[in-house]
Amino acid sequence: MPRTACEHRRLAFPQLAADQRTAALKLAASRALLSEGGRWIARWQDDVAQVWLVDAAVLADVDPAATLVPESGLRPPPATPEATRLLAMREGVEGQVWREGRLFASRWWPSAPDAASWGRFLRSASLTADDVTPPPVETLPLASSPWGRADDRLRWSATQLERAFWRSLGLLAGLLLGWQVVATAVWAIAARWQDAELDRVRGESMPLIEAREQAEAAQARMAAYVDLSNTPVDHVLIGDLKRGLPADARLLAWNRDAGGLRVEVQSATTDPRVFVQAFREHPVLADIVANPSEAGRIVLEVDLDAPAATSPEAAP
């Protein structure tokens with residue numbers, strides 16, 4: 001803030017403990033504000049607070065979250081602890097009185113003061129005004145940082161805190177969203193890698209699976225061949241059946257499946273007992289069942305799965 005927009009106050013708190021000075025400064029500086037909505041800037045020098053009051057009208061175009069620094073605080077202090085000087089500001093000049101290395105009094109003029117104005121300023125600082133000739137105006141560059149110690153109040157304003165809160169909230173939301181996006185991407189990449197690895201393993205194991213399936217199919221065929229070799233052959237059963245039937249009997253139908261035999265016979269003899277008695281000693285046909293049918297036909301049925309010892313004549 002340029003010196004022309006500020007009014008200087010010097011507030012001393014020698015009787016207060018260091019941890020109580022901040023609250024006292026806030027109370028005293030707020031009471032000394034030039035208008036409602038104004039702001040104050042403070043720089044500490046031991047137990048003395050150098051305060052610059054800024055009118056609200058000056059702050060109309062200033063960001064409420066901006067940190068204000070007085071122009072006087074950026075002008076380097078004098079080389080000696082006791083000094084009286086005039087400094088050129090951006091606008092006008094500032095008179096300063098320094099005692100024991102601390103700013104004791106400050107006043108701004110639009111131009112270099114005359115002897116009378118300078119004398120009144122010295123007397124207000126409790127200095128003798130025997131020699132009221134104003135010193136030459138010094139031109140000093142702005143320092144990179146202000147002298148003194150920043151006030152111990154909260155550095156951020158309410159607007160700054162609100163902005164920081166929303167920015168932190170946005171940053172947190174961004175981090176959570178970013179973590180979710182990264183986790184989803186990692187999951188998708190891992191799933192694709194697993195799918196590719198599974199496809200590779202399937203491709204490598206497919207010949208083994210096909211070979212196993214072929215071996216199982218061959219084993220099943222061999223088992224069927226073995227089971228078939230343990231059952232009577234049809235032409236043997238036909239021969240045995242023909243030998244046991246009456247002489248006039250004629251074979252009309254032969255139906256053989258995995259577990260049974262069904263034979264249809266044409267004969268003048270229709271007594272079922274004749275056919276049952278004819279095969280009672282046969283190792284396979286001993287359990288034959290004879291059922292008369294129409295027109296002198298006899299239906300013979302045998303359960304081939306029934307346990308029975310195979311005779312040499314019935315073997316393949």
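**Exercise 1. Surface and overall form**

Task: For this predicted model, determine how much surface the chain exposes and what share of it carbon and sulfur atoms supply.

Solution: The exposed area of the chain comes to about 19,700 Å², and carbon and sulfur atoms supply 57% of it. Turning from the surface to the interior, buried residues, meaning those under 20% relative accessible area, make up 30% of the 316 residues. The overall dimensions come next: along the principal axes, the C-alpha atoms fill a box of roughly 170 × 40 × 35 Å. The radius of gyration of the chain is 60 Å, whereas a compact globule of 316 residues would have a value near 20 Å. Within this form, the secondary structure comprises five helices and 12 strands, and of the contacts between residues at least 6 apart in sequence, 53% join residues at least 24 apart.

**Exercise 2. The surroundings of strand β2**

Task: Establish how many of the seven residues of strand β2 are buried, and which residues are the bridge partners of isoleucine 41 and tryptophan 44.

Solution: Strand β2 covers residues 39–45, and six of its seven residues are buried, so the strand is largely enclosed by the rest of the structure. The pairing can then be followed strand by strand. With β3 (residues 48–54), β2 runs antiparallel and is joined by seven bridges, and in that strand tryptophan 52 is the bridge partner of isoleucine 41. The hairpin of β2 and β3 has two residues between the strands, and aspartate 46 there takes a positive phi near 60°. With β8 (residues 149–150), β2 is again antiparallel, joined by two bridges, and arginine 149 is the partner of tryptophan 44.

**Exercise 3. The four-stranded sheet and helix α4**

Task: Work out the strand order of the open sheet of four strands, explain why one side of β9 and of β11 is left without a neighbour, and identify which strands helix α4 lies across.

Solution: The order is β9-β10-β12-β11, with antiparallel pairing. Because β9 (250–256) and β11 (289–292) stand at the edges, each has a single partner strand, and one side of each is therefore left without a neighbour in the sheet. Neighbouring strands are turned by 20° against each other on average, direction ignored. For β11, four bridges make the antiparallel connection to β12 (residues 297–303), where glutamate 301 is the bridge partner of valine 289. Finally, helix α4 (residues 234–244) lies across β9, β10 (260–266) and β12, and runs at about 145° to β9.

How values were computed:
Residues are numbered from 1 along each chain as its sequence is written. This is a predicted model: local features need pLDDT of at least 70, side-chain atom pairs count only at pLDDT 80 or more; totals for chains, interfaces and linings use all residues. Side-chain values use heavy atoms; hydrogens and water are left out. Two strands pair if DSSP finds at least two bridges between them. Axes are lines fitted to C-alpha atoms, for helices over the stretch in contact, and angles run from 0 to 180 degrees between N-to-C directions. Contact means heavy atoms within 4.5 Å. The radius of gyration is taken over C-alpha atoms; the globule rule is 2.2 Å times the number of residues to the power 0.38. Buried means under 20% relative accessible area, exposed over 50%, partly exposed in between (1.4 Å probe, protein chains only). Accessible areas come from the Shrake-Rupley method with a 1.4 Å probe; for residues, only the protein chains shown count as cover.
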